[in-house]
Amino acid sequence: MLQVRNGEVEMLGVLFDRYQTPLYNFYAKMTQDRAVSEDLVQEVFLRILRYRQTYRPGTAFRTWMYQIARNTRLDQVRKTRPEAPFVSEPAAASSLSDSAQQQQEAATLQRALLQLPEDKRELLVLSRFQELRYDEIARLLGCEVGAVKVRVHRALQQLREIFLQLEKGVPARDLNRALGDSAPPAVPPRRLQ
């Protein structure tokens with residue numbers, strides 16, 4: 001990144017090759033939309049190029065890149081403001097082989113993840129799927145490592161509750177009532193700088 005910052009923009013290709021898949025996976029978990037995820041990845045690298053002078057030597061590139069990725073996602077959410085979150089009804093349970101059972105559980109977990117408020121889903125995607133360390137997430141969020149641990153723990157608890165409700169066959173639209181939660185905020189969380 002230091003080379004890109006210093007004007008060797010062709011080195012952005014190396015960063016793209018290294019980070020496009022993790023970024024795509026991050027967005028795919030957040031959006032469940034292949035085309036949107038691909039567009040967001042492209043936008044992140046355009047912003048990296050555009051804002052390369054803001055990169056500070058000594059800063060972990062991955063943390064800086066995910067900050068740009070988060071801001072890009074927030075901008076996309078503000079533009080589209082979906083009327084209702086993606087909701088699918090759970091499939092009827094039947095006798096399934098182990099492989100099919102695992103696939104169904106993975107699908108149920110993905111639906112449960114989509115039911116989480118955006119901020120909690122982002123925390124879990126960053127910590128569990130993108131494997132960012134808690135200290136990296138703390139820098140992204142501008143908080144203490146202990147706060148990140150507590151937030152991840154709470155998000156995991158809520159994910160577990162949603163997963164269990166989906167397994168019981170509670171329609172996704174009734175989850176908030178069943179869990180005693182209010183609906184996720186309509187306004188996305190504030191943009192971090």
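This report describes the helices, salt bridges and loop residues of a predicted model.

## Overall make-up and confidence

The chain contains nine helices and zero strands. Along the sequence the pattern is therefore α-α-α-α-α-α-α-α-α. Of its 193 residues, 39% count as buried. Among contacts with a separation of 6 or more, 66% are between residues 24 or more positions apart.

The average pLDDT of the chain is 81, and 79% of the residues score at least 70. Confidence is highest in α3, at 95, and lowest in helix α9 (residues 175-179), at a mean of 56. The pLDDT is below 50 over residues 83-96, a stretch that has 21 contacts in the model beyond near neighbours in sequence. It is also below 50 over residues 181-191, where the corresponding number of contacts is 22.

## Helix α3

Helix α3 covers residues 34-50. With 17 residues at 1.5 Å a residue, α3 should span 24 Å, and its end C-alpha atoms are indeed 24 Å apart. Its buried residues are Ser-37, Leu-40, Val-41, Val-44, Phe-45, Arg-47 and Ile-48. Viewed down the axis of α3, these residues fall within an arc of 160°, so they line one face of the helix. An α-helix has 3.6 residues a turn, so residues three or four places apart point the same way.

The buried residues of α3 pack against two other helices, α2 (12-31) and α4 (61-80). On the face turned away from the buried side are the exposed residues Asp-39 and Arg-50. The N-terminal end of α3 is capped by Asp-33, which has a side-chain oxygen 3.0 Å from the backbone nitrogen of Ala-35.

## Helix α8

Helix α8 runs over residues 145-168. Its 24 residues, at 1.5 Å each, should span 34 Å; the end C-alpha atoms of α8 are 35 Å apart, which agrees. The buried residues in α8 are Val-148, Val-152, Ala-155, Gln-158, Leu-159, Ile-162, Phe-163, Gln-165 and Leu-166. Gly-169, just after α8, takes a positive phi of about 95°.

## Buried salt bridges

Side chains of opposite charge can pair when their charged atoms come close. The structure holds 11 salt bridges. One of them joins Arg-70 and Glu-122, with the closest N and O atoms 2.8 Å apart. Arg-70 belongs to helix α4 and Glu-122 to helix α6 (residues 118-129), so this pair ties together parts that are 52 residues apart in sequence. Arg-70 and Glu-122 are both buried.

A salt bridge also links the side chains of Arg-121 and Glu-118, at 2.7 Å from N to O. These two residues are three apart in helix α6, so about one helical turn separates Arg-121 from Glu-118. Both Arg-121 and Glu-118 are buried.

## The salt-bridge network

A network of salt bridges links Arg-62, Arg-133, Asp-135, Glu-136 and Arg-139. Within the salt bridge between Asp-135 and Arg-133, the closest N and O atoms are 3.1 Å apart.

Asp-135 has a relative accessibility of 28% and so counts as partly exposed. Arg-133, at 47% relative accessibility, also counts as partly exposed. Both values lie between the cut-offs of 20% and 50%, which is why neither Asp-135 nor Arg-133 is classed as buried or exposed.

## Loop residues with positive phi

Gln-32 has a phi near 60°, a positive value in a residue other than glycine. Its place is in the loop between α2 and α3. With a relative accessible area of 42%, Gln-32 is partly exposed.

Glu-131 is not a glycine either, yet it has a positive phi of about 55°. Glu-131 lies in the loop between α6 and α7 (134-141). Its relative accessible area is 59%, so Glu-131 is exposed.

Terms used: Residues are numbered from 1 along each chain as its sequence is written. This is a predicted model: local features need pLDDT of at least 70, side-chain atom pairs count only at pLDDT 80 or more; totals for chains, interfaces and linings use all residues. Side-chain values use heavy atoms; hydrogens and water are left out. Helices (H or I, at least four residues) and strands (E, at least two) are DSSP runs, numbered from the N terminus. The expected span of a helix is 1.5 Å times one less than its number of residues. Buried means under 20% relative accessible area, exposed over 50%, partly exposed in between (1.4 Å probe, protein chains only). The arc is that of the directions from the helix axis to the C-beta atoms. Contact means heavy atoms within 4.5 Å. A polar contact is a pair of N or O atoms within 3.5 Å; within protein, one must be able to donate a hydrogen and the other to accept it, and residues adjacent in sequence count only if both atoms are side-chain atoms. pLDDT is the predictor's confidence in each residue, from 0 to 100. A salt bridge is a side-chain nitrogen of Lys or Arg within 4 Å of a carboxyl oxygen of Asp or Glu.
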